[in-house]
Amino acid sequence: MSDHETGGIPSDEDLSLPKATVTKMIAELLPNDVTCAKDTRDLIIECCVEFIHLISSEANEICEQESKKTIAPEHIISALKRLGFESFTDEVESVLKDHKQQQKDREKKVNKMEQCGLSEAELLAQQEALFAKSREKFRTAQQ
């Protein structure tokens, strides 16, 4: 169901993080001989959701003060600073820079495909031919 079908904005009880992902992250951070109880994992998830809510609410206020309709990364960074999380901003800015670079690289790949002058069907046919050639080469090497 969409937000519109359920009557609007989801309640705080509907907001969470993927438990499997959080469990994996916790396991990666803990020594091998230490485990994390389910209740502890659930508490960590609740704290993370509350932190996200706090930052997004503050960023929304900053956004409204600037008469903007969309929360931008700069609003998040400003919210972190306002709320006393200045030590997080360097890491956030680094991740933002990496994200922007990935977006540029993705756009270059799309442009490269569009500029090659071949249709998607022609490209798929070429790919299949390369796969067939590779399979044949592999079979020959196996004999």
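The following questions and answers concern a predicted model of a protein chain.

Visitor: How many helices and how many strands does the secondary structure of the protein chain come to?
Guide: Read along the sequence, the predicted chain follows the pattern α-α-α-α-α. The secondary structure accordingly comes to 5 helices and 0 strands.

Visitor: What share of the residues of the protein chain counts as buried?
Guide: A residue counts as buried when its relative accessible area is under 20%. Of the 143 residues in the protein chain, the share that falls in this class is 12%.

Visitor: How far does α2 reach from its first C-alpha to its last?
Guide: Helix α2 covers residues 38-65, and it has 28 residues. At 1.5 Å a residue the expected span would be 40 Å, and the model comes close to that, with a reach of 41 Å.

Visitor: How are α1 and α2 oriented, roughly parallel or roughly perpendicular?
Guide: The axes of α1 (residues 19-29) and α2 (residues 38-65) come within 10 Å and cross at roughly 105 degrees. Angles from 65 to 115 degrees fall in a single class, which means that α1 is, with respect to α2, roughly perpendicular.

Visitor: Which residues in α2 are met by residues of α1?
Guide: From the side of α1, the contact is made by Lys19, Val22, Thr23 and Ile26. The residues of this contact divide into 4 nonpolar, 1 polar and 3 charged. Those met in α2 are Arg41, Asp42, Ile44 and Ile45.

Visitor: Against which helices do the buried residues of α2 pack?
Guide: The buried residues in α2 are Arg41, Asp42, Ile45, Val49, Ile55, Glu58, Ala59, Ile62 and Cys63. In α3, which spans 73-82, the residues that are buried are His75, Ile77, Ala79 and Leu80. The helices against which the buried residues of α2 pack are α1 and α3.

Visitor: Which residue forms a salt bridge with arginine 41, and how far apart are the closest N and O atoms?
Guide: A salt bridge requires a side-chain nitrogen of Lys or Arg within 4 Å of a carboxyl oxygen of Asp or Glu, and by this rule the count comes to 3 salt bridges. In the one formed by arginine 41, both residues are buried. The partner of arginine 41 is aspartate 42, with the closest N and O atoms 3.0 Å apart.

Visitor: Which side chain meets glutamate 58 in a salt bridge?
Guide: Glutamate 58 lies in helix α2, and its partner, 24 residues apart from it, lies in helix α3, so that the pair links distant parts of the chain. Glutamate 58 counts as buried because its relative accessibility is 14%, whereas the partner is partly exposed, with a relative accessible area of 45%. The N to O distance is 3.0 Å, and the side chain that meets glutamate 58 is that of arginine 82.

Visitor: In which helix do glutamate 136 and arginine 139 both lie?
Guide: The side chains of glutamate 136 and arginine 139 meet in a salt bridge, with an N to O distance of 3.6 Å. Glutamate 136 is partly exposed at 44% relative accessibility, and arginine 139 is partly exposed as well, with a relative accessible area of 45%. The two residues are 3 residues apart, about one turn of the helix, and the helix in which both lie is α5 (residues 120-142).

Visitor: Where is serine 67 found, and is it buried or exposed?
Guide: Most residues other than glycine have a negative phi. Serine 67, although not a glycine, has a positive phi of about 55 degrees. Serine 67 is found in the loop between α2 and α3, and, with a relative accessible area of 66%, it is exposed.

Visitor: Which residue just after α3 takes a positive phi?
Guide: Helix α3 spans residues 73-82. Just after α3, at a positive phi of about 90 degrees, comes glycine 84.

Methods: Residues are numbered from 1 along each chain as its sequence is written. This is a predicted model: local features need pLDDT of at least 70, side-chain atom pairs count only at pLDDT 80 or more; totals for chains, interfaces and linings use all residues. Side-chain values use heavy atoms; hydrogens and water are left out. Axes are lines fitted to C-alpha atoms, for helices over the stretch in contact, and angles run from 0 to 180 degrees between N-to-C directions. Helices (H or I, at least four residues) and strands (E, at least two) are DSSP runs, numbered from the N terminus. Angles under 35 degrees count as roughly parallel, over 145 as roughly antiparallel, 65 to 115 as roughly perpendicular and the rest as oblique. Contact means heavy atoms within 4.5 Å. Ala, Val, Leu, Ile, Met, Phe, Trp, Tyr, Cys and Pro count as nonpolar, Asp, Glu, Lys and Arg as charged, and the others, Gly among them, as polar. The expected span of a helix is 1.5 Å times one less than its number of residues. Buried means under 20% relative accessible area, exposed over 50%, partly exposed in between (1.4 Å probe, protein chains only).
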